[in-house]
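User: Could you take a close look at one part of this structure for me, the place where the two chains meet? I'm in my first year, so please keep it plain and walk me through it in one go.

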Amino acid sequence: MATGLSTHVTARRRPRRTRTLPDLAPVVFGLARLQVSYGRHRAVRDVTMTVHEREITALIGPSGCGKSTVLRSLNRMNDLVPGARVSGRVTYRGHDLYGPGVDPIEVRRRIGMVFQRPTPFAKSIYDNVAYGPRAAAGRRGRLRKAELDDRVEEALTGAALWDEVKDKLKSSGLALSGGQQQRLCIARAIAVRPDVMLMDEPCSALDPVATAKIEDLMLRLRHEMTIVIVTHHMHQAARVSDRTAFFTADTDSEGERHGRLVEYDATEKIFNRPADRRTEDYISGRFG
Amino acid sequence: MPPTTEKTGTRGAPLRLGDRVFAGASTGAGVLILVILAGVAAFLVSEAWPAVTAPSEEIPGEDNIVLYIWPLLFGTLLSAFLALVIATPLAVAIALFISHYAPRSVATILGYVIDLLAAVPSIIYGLWGAQVLAPQTVDPTQWLEDNLGFIPLFDGPASATGRTMLTVTLVLAVMILPICTAVVREAFLQTPRLHEEASLALGATRWEMIRMSVLPFGRSAIVGGAMLGLGRALGETMAVAMVLSVSGDVTFDLISQANPSTIAANVALSFPESSGTEINVLIASGLVLFIVTLLVNMAARAVINRRRDFSGAN
């Protein structure tokens, strides 16, 4: 099974820069013994891994394994959940993300996020994309109209949506199809010019054609930014990612489930020669 | 459908007893509303008609019915509209505080307190307005006349008792605040979490998030809550009757002794001493209030529907 999958993977993969020593890519995120609890429940514990610059890192595993929780701890979205607590260490380019004096708003401006379902605002397409730049500029003086127009076009082009919407920028973002809405959300995130893009199952609500477009887009964006993607779709991880982290959920003696990181390595290794039996079972479809 | 319970109809499944009872009961309730509304309208029209056709000497104080009702209608609209202008922003702010700023324990308590305000009988608001609030407004209204007298609203002369249109609008604003707040708060609480997170994930501050995700989502609720409040303010009787010093003048001056009455307050105050055509005249004014309330509600519907494409609620 595993080898069959890998031929499929290489066939679909685009040619890319050769990376003989990927570990030399600068570290963007460093996670050390990360643990996230919601109230008294430990959702995920003991995660240690590094995310490298201009790579696509995929987090995979069965539901409830904490992969989304880990993703949300990278731009401090867990702050918004009442009772959520993060311990251990998360660094972003050497800075402690949870250190004193770190402004979560600044963090989220640099580390963008795309969600499971498209979330266009009830505004025009233009206003959706212009939202981030406007908000950022509002705190430093206004953007000129022409400048904003450029940013919107650049972001929509970057998200491969410009040609489809350039004649109807003033119509509602909600009038687009699901796949277009998701690309609008990606454009909206790109418009802020983030350093990292977090994607939480971005294709789970989309059909295969729309999914393929988003995957192409990810492979293109990878040249400009670092991408971390959570997916329950193994083939997607195999098609787009450079590294893959496999999570699973353990049930402890009290019957509580905790997510944990099982294995993290280059994607080709995870899918062809996994070191851990549980990884092999999962990717070969015997489990999850 | 045949009226048997277990027999299969020509098309579709058998209609069970429970379904039929429920369908009948809910249809009946729906029809009942229309019947009551039609009944009220029919009563008002039939009883108001004699006043319209009556000779002018039978209309109390005025030459014809239009001249009699016009100042009342003006007073009704002015007081209700100003109450709305004061209450709506306040209601939105309170709803936002409860739904997005306050810690959960504070929010719950505050929610109860607001709901409690709605349960206070209007006679209490009337007493409070006349006995407590009105005297308190005397000095500020004098200040308004002295310093902002060039604005027609504060033309003066300032009332020495405080029983002014300004006091009435303040009382009405407090009275409609709970209903507006409750409607808006419910809508804000139902803003999809994902939309709020989407704004925050773009580096928005909490206020920017509210402006982009919460307010557009709650827009129709804000209009709806305001219209419910307006309906209440238009029909409010006791508080106005107890507070306002009435002269029948049509004026935008909010702080003087001379004020137009409102339709509802006028009916309450005049009815006990009325007989014959005078009663028909009062009912005619009630018909006008009924029509205004209907128009306000239809306008609110139109506003809500027009913005549906951008409402985010679909």
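**Where chain A meets chain B**

Analyst: From the N terminus on, the elements of chain B run α-α-α-α-α-α-α-α-α-α. That's ten helices and zero strands. Keep in mind that this is a predicted model. To get a feel for the scale of chain B, its C-alpha trace spans about 70 × 60 × 35 Å along its principal axes.

Now for the meeting place itself. On one side, 31 residues of chain A take part, and they are in contact with 23 residues of chain B. Putting the chains together buries about 2200 Å² between them, and carbon and sulfur atoms give 66% of that area. In chain A, the residues that lose the most area to chain B are Phe121(A), Ala122(A) and Tyr131(A), which together make up 25% of what that side buries.

Next, the charged and polar links. The rule finds one salt bridge across the interface of chain A and chain B. Its partners are Arg72(A) and Glu197(B), whose side chains meet with N to O at 2.8 Å. As a general point, side chains of opposite charge can pair when their charged atoms come close. There are also four residue pairs in polar contact between chain A and chain B, counting pairs with both residues at pLDDT 80 or more. So which parts of chain A do the touching? The elements that give two or more residues to that side are α3 (104–110), β6, α4 (125–138) and α7 of chain A. Sorted by class, the chain A side that touches chain B has 16 nonpolar, six polar and nine charged residues.

For some context, a search of the whole structure turns up 23 salt bridges over all chains. One of the pairs within chain A is Glu55(A) with Arg243(A), where the closest N and O atoms are 2.6 Å apart. That pair links distant parts of the chain: Glu55(A) sits in the loop between β2 (41–52) and β3 (56–60), while Arg243(A) belongs to strand β9 (residues 243–251), 188 residues apart.

Then there is the empty space. Rolling a probe the size of a water molecule over the atoms shows where empty space is left. The structure holds three cavities of 30 Å³ or more, and the second largest has a volume of about 40 Å³. Both chains help to line this second largest cavity: chain A brings Met113(A), Val114(A), Phe115(A), Thr119(A), Cys185(A), Arg188(A) and Ala189(A), and chain B brings Ala198(B) and Leu202(B). Two elements of chain A, β6 (111–114) and α7 (178–190), give two or more residues each to that lining. The largest share, three residues, comes from α7(A). By class, the lining of the second largest cavity divides into seven nonpolar residues, one polar and one charged.

Finally, the largest pocket, with a volume of about 710 Å³. It is lined by 24 residues, and the closest to its centre are Leu80(A), Ser99(B), His100(B), Arg193(B) and Arg206(B). At least two lining residues each come from α3 of chain A and from α2 (65–101), α3 (104–119), α5 (165–189), α6 (193–201) and α7 (206–235) of chain B. Its lining has 13 nonpolar, four polar and seven charged residues.

Conventions
Residues are numbered from 1 along each chain as its sequence is written. Chains are lettered from A and ligands numbered from 1 in the order in which they are written. Side-chain values use heavy atoms; hydrogens and water are left out. On a 1 Å grid over the protein atoms alone, a cavity is a set of points where a 1.4 Å probe fits but cannot get out, and a pocket is an open set with protein on both sides within 12 Å along at least five of seven lines; lining residues have an atom within 4 Å of a point. Grid points are joined across faces, edges and corners, and a volume is the space filled by probe spheres set on the points. Helices (H or I, at least four residues) and strands (E, at least two) are DSSP runs, numbered from the N terminus. Ala, Val, Leu, Ile, Met, Phe, Trp, Tyr, Cys and Pro count as nonpolar, Asp, Glu, Lys and Arg as charged, and the others, Gly among them, as polar. Contact means heavy atoms within 4.5 Å. Buried area is the accessible area (1.4 Å probe) that two parts lose on being put together, summed over both. A salt bridge is a side-chain nitrogen of Lys or Arg within 4 Å of a carboxyl oxygen of Asp or Glu. A polar contact is a pair of N or O atoms within 3.5 Å; within protein, one must be able to donate a hydrogen and the other to accept it, and residues adjacent in sequence count only if both atoms are side-chain atoms.
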